[in-house]
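Let's take a walk through this structure together, one region at a time. Have a look at it first, and then read on.

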Amino acid sequence: EEEGRTTVFAERGVWNRLGAYAVHVGLLTIFLGGFMTSRGFNGMLPVTPDKSADRMIQTVFNAENASTDFAVGQRELLLPFTVEGLDIQQKLIDKTRGIDAGNTLDWLTRVRIHDHETGQKTDALIHMNSPYDYRGYRFFQASFNPLGSARTVKLRLTHLADGKTEDIEIERNGQTALADGTMVKYIEFNPHATFSQDGKIDFGSTEYENPAAHLIYVKPDGTEGDIWAFNKDFSQQVAAAPFLKSKFMNDPSYQAMLTDFEKVPLAHTLSVQYDPGAKVVYVGFTILCLTLIFVFFFSHQRLWIVVEDGSVHMGGDSNRNRLGFEDRARKVAA
C-alpha cells in the first residue's frame, strides 16, 4: 500500500526466465562431447566363434611411404580388453538360397568382453541397427566373411553294430552324447566339398552344393574315430567312388548322414568406434530436451491488481502462451 492505492502482485514460473541459460548449458555440453568424439578413432575387428582378439585393424593414410595411388595402409591398435567370439548367426529370408546380403534379414554376433583392468567378463549381442557400447567403444555390424559354414548341423547316425539309427543336432564347435555314451564333436563344415587328385577335401566356398560336416567321436572305452557326414545325394556320389568311399566312409562303428544345417558365414566383422564423448553428448541431449520442454510448455506469468479511488484495475503479461494467460486473467477477474 502506498500513495493511496493498494497493489496486489502475483507471478508464477519465475524460473522460466532461467531456461535460456539451461538451454545454453545443454548446447555447450553437446559441443564438449563432440570435441571429445573428434579425438576418437575407428577400426575393424573380425569375430570368429571360439577365437579371441585384442587388436583392431585401422585404415590409415601414409603419404610418405605410399605403396598405392591412394596412399592407404593398415595398422593394428591394441584394445584395453579382449573380445571372445561366442556365436554368429544370420537370419535368412529364404533358407534354400545363399548367405549373400540380399537374402539376409539380420546378422547377430555374440561376444564376451574380457576387461584387462577390472577382470570382469561382459556378454554382448551386436546386430544390425543395434550397436553395443562399452567403456567409450561402440561396436557395429560392418560386414561378414562370404565363405560359408554352418552354425548347427543335424545328423542321422547309424550304429553299424546293430543297424540302429539316431538323430542328433550339434552346434558349431560343440558336442553331444549318443545313447550309448559316445561323445560326438562337431569339428568343421565345408559348404561345397570338392576332392583333389590326392583325395583331400578342398575347403572354402560361397556355395552350398555339396555340404559336408567333419566329426570325431570318443566312445566310453576311449576308442576314437573320425567320420564325415554328407547329405543324401552327395553320399551316393562319394560311395560310387571306391577310393573316396574307403577314405571317408569306412569307419567301423558309425556312418553319418547330414540331414540339415543352419547356414552362417565363416566370420563376422565388427566396426569398432572409440567415442569417448558419447556419454557427454547424451547428457547434453538430455539437458537440452528437458529444458526445452520446461521452457516451451511453461511460462513466466505476472499479474497486477491495483485498487485506487474505488476502482479496481488489473493487468499482466506472459513471456509466452499469451492466449492461455488471458483465459487465466479472465477467471481471476470473474
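Leu155 has many neighbours to meet: leaving out residues up to four places away in sequence, it touches Glu166, Asp167, Ile168, Ile170, Leu215, Ala229, Met257, Leu258 and Thr259, where contact means heavy atoms within 4.5 Å. This is a predicted model, in which local features need pLDDT of at least 70 and side-chain atom pairs count only at pLDDT 80 or more, while totals for chains, interfaces and linings use all residues. Residues are numbered from 1 along each chain as its sequence is written, and side-chain values use heavy atoms, with hydrogens and water left out.

Leu155 is also among the residues with the most contacts inside the largest nonpolar core, together with Val153, Ile170, Val184, Phe189 and Leu215. A nonpolar core is a set of buried Ala, Val, Leu, Ile, Met, Phe, Trp, Tyr and Cys residues joined through side-chain atoms within 4.5 Å, and buried means under 20% relative accessible area, with a 1.4 Å probe and protein chains only. This core has 21 residues. Strands E9 (148-159), E10 (165-171), E12 (183-190), E15 (212-218), E16 (224-230) and E17 (254-265) each supply at least two of them; strands here are DSSP runs of E with at least two residues, and helices are runs of H or I with at least four, numbered from the N terminus. The most, four residues, comes from E9. A second, separate core of 16 residues includes Met56, Val83, Ile126 and Phe139.

Val83 leads us on to Ser52, which is found in strand E3 (residues 52-61). These two residues are 31 apart along the chain, yet their C-alpha atoms are separated by 5.5 Å. Beyond its neighbours within four places in sequence, Ser52 is in contact with Thr82, Val83 and Glu84.

Next, turn to an open sheet of three strands, in the order E1-E19-E20 with antiparallel pairing; two strands pair if DSSP finds at least two bridges between them. Strand E1 (5-12) and strand E20 (311-318) stand at the edges, each with a single partner strand, so one side of each has no neighbour in the sheet. Strand E19 (residues 301-308) joins E20 over eight antiparallel bridges, and Leu303 has Gly316 in E20 as its bridge partner.

How many cavities of 30 Å³ or more does a search of the whole structure find? The answer is one. Among the residues lining the largest cavity are Trp228, Phe248 and Tyr254. E16 gives the largest share of that lining, five residues.

Definitions and conventions. Buried means under 20% relative accessible area, exposed over 50%, partly exposed in between (1.4 Å probe, protein chains only). On a 1 Å grid over the protein atoms alone, a cavity is a set of points where a 1.4 Å probe fits but cannot get out, and a pocket is an open set with protein on both sides within 12 Å along at least five of seven lines; lining residues have an atom within 4 Å of a point. Grid points are joined across faces, edges and corners, and a volume is the space filled by probe spheres set on the points.
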